[in-house]
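Work through the exercises below with the sequence and the structure in view, and try each task before reading its solution.

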Amino acid sequence: MNNTKQKYISSAVLLLLSSILVKAISAVYKIPLTAYIGATGRGYFNIAYNYYMPVHALIMGAFPIALSHLVSKYNEKGDNAKIYSLKKASGSLFFIIGVLGLGLMFVFAKPYAEMISSSPKSIYTIYVLLPSVLFSSMAACRRSLAEGYMNMVPTSVSQIIEAAFKLVFGLLFAKLSMGYLFETYLESGMVMGVVCAGEETALSMIYPLTSAAAMGGVTAGSFFSLVYVSVYTSVKYNSTIPNRKYRTGESLKEILSFSAPIIVSTVIQSASTFLDNASVQYFLSLCSREGLREAYAACLQMSGTPEEDTITYIYGLFSSAQDFRMLLPGFTMALGVAAVPAISAAFEAHSRERLSSLSNSIFKYTSIIAFGGGFYLSLISPYMLNILYNSSNYDIVIGCSDLVYFYGFTMIFYCLAGVAVFSVQAIGCAKKSIPSFILSAAVRVGINYLLVADYRYNIYGAIVSGAAGYFVILVSNLYIFKKYSDIKYKLSDLFFKPILCSILSFFVSRLMMESIFGDNGYVLNFVVLSGIYITFFSIACILTNLITFSEIKFLHIGKKSA
């Protein structure tokens, strides 16, 4: 049991560290990017991403889980011939999936941009992103092979490569395109040969093009990530052809058979997320334009956004807040990815004690990150936004502070729901999750209809709908996992202790900051408040036995063996 748990911790720690680095790179990337393309450009950028994510989720969330599970299963049995067969079959499968995904997105790109997102000019950004579908699919094949051996090195390093190239090339392309197009306008009064009535009109034409140029960095990153994982796995797992006969066709059927319920589950989950994002865009477009411009008057005036781009601009603010909402789920995703082979191995061994101990550890670490990190995010949201955008896009600070603050308190739903779904998939019960995704989609779209379409609530309604929808997924999948794995949850470690430590740390930090330190500027306030909260939260976790010294020692051993 300890060996599997130690491997899991080593894998999870590696993925967590790489996730932190990737998020740091992304933060560095988005500050100057937003300065170049503005909140309106960020709107185009995220509209393209929302279109891409359902296909990406299917590619990254269904077939890789199946391959990782099967490699883990046969590695546990010592069947190298079967693993070799799976490797051969998956190569062709993932290439075909990538081509089909790219073609499907190309066909529906224009209808999506014009009719669903109500932003026809986002089509340029979508087209530039399309090759990433094929590159990501081929890379996922190589990464999931290594993940089956609980080797998270290629996954971690490829994520860092992708983020680094996105940073370098994305900013370079955005800067060059913005500089060239705006200089052309100043010299000729035209953008791409079209005469512009004024600067606002020119920027309205330039932002979609610079957003597309920035997206070129994402596509470049996915390509170089593929190059790395291809070289790594071909060297690391370049095993000779086994003496025993292997049948690629049988392995292909096995991957598809195990993937089938995950595919259905992922498609519905992706469709649910897509409907959620699309409904926010659509219902926002139904709001009173005058009401929205009045609600965001300061931001719109400061950014100089023309009336025709109002919806895209406000959606850009929402997208900027989403960057922070996705921070912690991005970290806990590492726990979920590492959990699949670990839980699969424990489940196949028919060891309830081993599975229960491992699962409760995974859920506990997730809750610590979700509760502790979520309350911390709410606490420092205004200072963090000022640090990132004060000098370049102060309108984003004004428009996003409250959004990020409220999102922080909902982190447990997003983080724990994701890990619970991974756990259910790891024991082969993916189809059991399907009803929860359907119900979640109905809840989110329904609440968006009631709140987002009302200009008084607008994008704030999405906070309520997201929390409610993921609550449905969380409760349903925790129940499914418990029922079919026959484990017992430690609710004190899962909910009660993490939220107690977080609430106490939140209010003690605010009290100490206001009564002792006062206001010393947003940078110093951020540093001091972070130090107080992290120190108090760590002490609270130890005093409540949420984290023990034996676990810290065990974690250190796990890191050394990684």
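**Exercise 1.** Determine which helix gives the largest share of the lining of the second largest cavity, and describe that lining by class.

*Solution.* The model is a predicted one, and the first step is to list the residues around the space. The second largest cavity, which holds about 30 Å³, is lined by Ala-370, Phe-371, Gly-374, Phe-375, Gly-408, Phe-409, Thr-410, Met-411 and Ile-412. Next, assign them to elements: those that give two or more residues to this lining are helix 13 and helix 15 (411–426). The largest share, four residues, comes from helix 13. Finally, sort the lining of the second largest cavity by class, which yields six nonpolar, three polar and no charged residues.

**Exercise 2.** Work out how helix 13 is oriented with respect to helix 14, and which residues make their contact.

*Solution.* Begin with the geometry: helix 13 (residues 352–389) and helix 14 (residues 394–408) pack at an angle of about 170°, and their axes lie 8 Å apart. Angles over 145 degrees count as roughly antiparallel, and helix 13 and helix 14 are therefore roughly antiparallel to each other. Then look at the contact, where helix 13 brings Gly-374, Phe-375, Leu-377, Ser-378, Ser-381, Pro-382, Leu-385, Asn-386 and Tyr-389, while helix 14 brings Tyr-394, Ile-396, Val-397, Cys-400, Ser-401, Val-404, Tyr-405 and Gly-408. By class, the residues of this contact are eleven nonpolar, six polar and no charged.

**Exercise 3.** Carry out the analysis for helix 13 and helix 19, giving the angle, the orientation and the classes of the contact residues.

*Solution.* Helix 13 packs with helix 19 (residues 522–543) at an angle of about 170°, with 8 Å between the axes. That makes helix 13 roughly antiparallel to helix 19. On the side of helix 13 the contact residues include Ile-368, Phe-371, Gly-372, Phe-375 and Tyr-376, and on the side of helix 19 they include Tyr-522, Val-523, Asn-525 and Phe-526. Counted by class, the contact of helix 13 with helix 19 has 15 nonpolar, four polar and no charged residues.

**Exercise 4.** Describe the largest cavity and the second largest pocket by volume and lining.

*Solution.* Start with the cavities, of which two reach 30 Å³ or more. The largest cavity holds about 40 Å³ of space, and Ile-47, Ser-117, Ser-118, Gln-281, Ile-311, Thr-312 and Tyr-315 line it. Helix 11 (residues 310–325) gives the largest share of that lining, three residues, and the classes are three nonpolar, four polar and no charged.

Turn then to the second largest pocket, with about 500 Å³ of space. Its lining has 19 residues, and Pro-54, Val-55, Leu-58, Gly-101 and Leu-104 lie nearest its centre. The elements that give two or more residues to this lining are helix 1 (2–61), helix 3 (80–116) and helix 8 (248–286). Helix 3 provides the largest share, nine residues, and by class the lining of this pocket has 17 nonpolar, two polar and no charged residues.

**Exercise 5.** Find which parts of the chain are tied together by the salt bridge of Lys-121 and Asp-309.

*Solution.* The structure holds five salt bridges, and in one of them the side chains of Lys-121 and Asp-309 meet at 3.8 Å, N to O. Lys-121 lies in the loop between helix 3 and helix 4 (123–129), and Asp-309 in the loop between helix 10 (297–303) and helix 11, so the pair ties together parts that are 188 residues apart in sequence.

Definitions and conventions: Residues are numbered from 1 along each chain as its sequence is written. This is a predicted model: local features need pLDDT of at least 70, side-chain atom pairs count only at pLDDT 80 or more; totals for chains, interfaces and linings use all residues. Side-chain values use heavy atoms; hydrogens and water are left out. Axes are lines fitted to C-alpha atoms, for helices over the stretch in contact, and angles run from 0 to 180 degrees between N-to-C directions. Angles under 35 degrees count as roughly parallel, over 145 as roughly antiparallel, 65 to 115 as roughly perpendicular and the rest as oblique. Contact means heavy atoms within 4.5 Å. Ala, Val, Leu, Ile, Met, Phe, Trp, Tyr, Cys and Pro count as nonpolar, Asp, Glu, Lys and Arg as charged, and the others, Gly among them, as polar. On a 1 Å grid over the protein atoms alone, a cavity is a set of points where a 1.4 Å probe fits but cannot get out, and a pocket is an open set with protein on both sides within 12 Å along at least five of seven lines; lining residues have an atom within 4 Å of a point. Grid points are joined across faces, edges and corners, and a volume is the space filled by probe spheres set on the points. A salt bridge is a side-chain nitrogen of Lys or Arg within 4 Å of a carboxyl oxygen of Asp or Glu.
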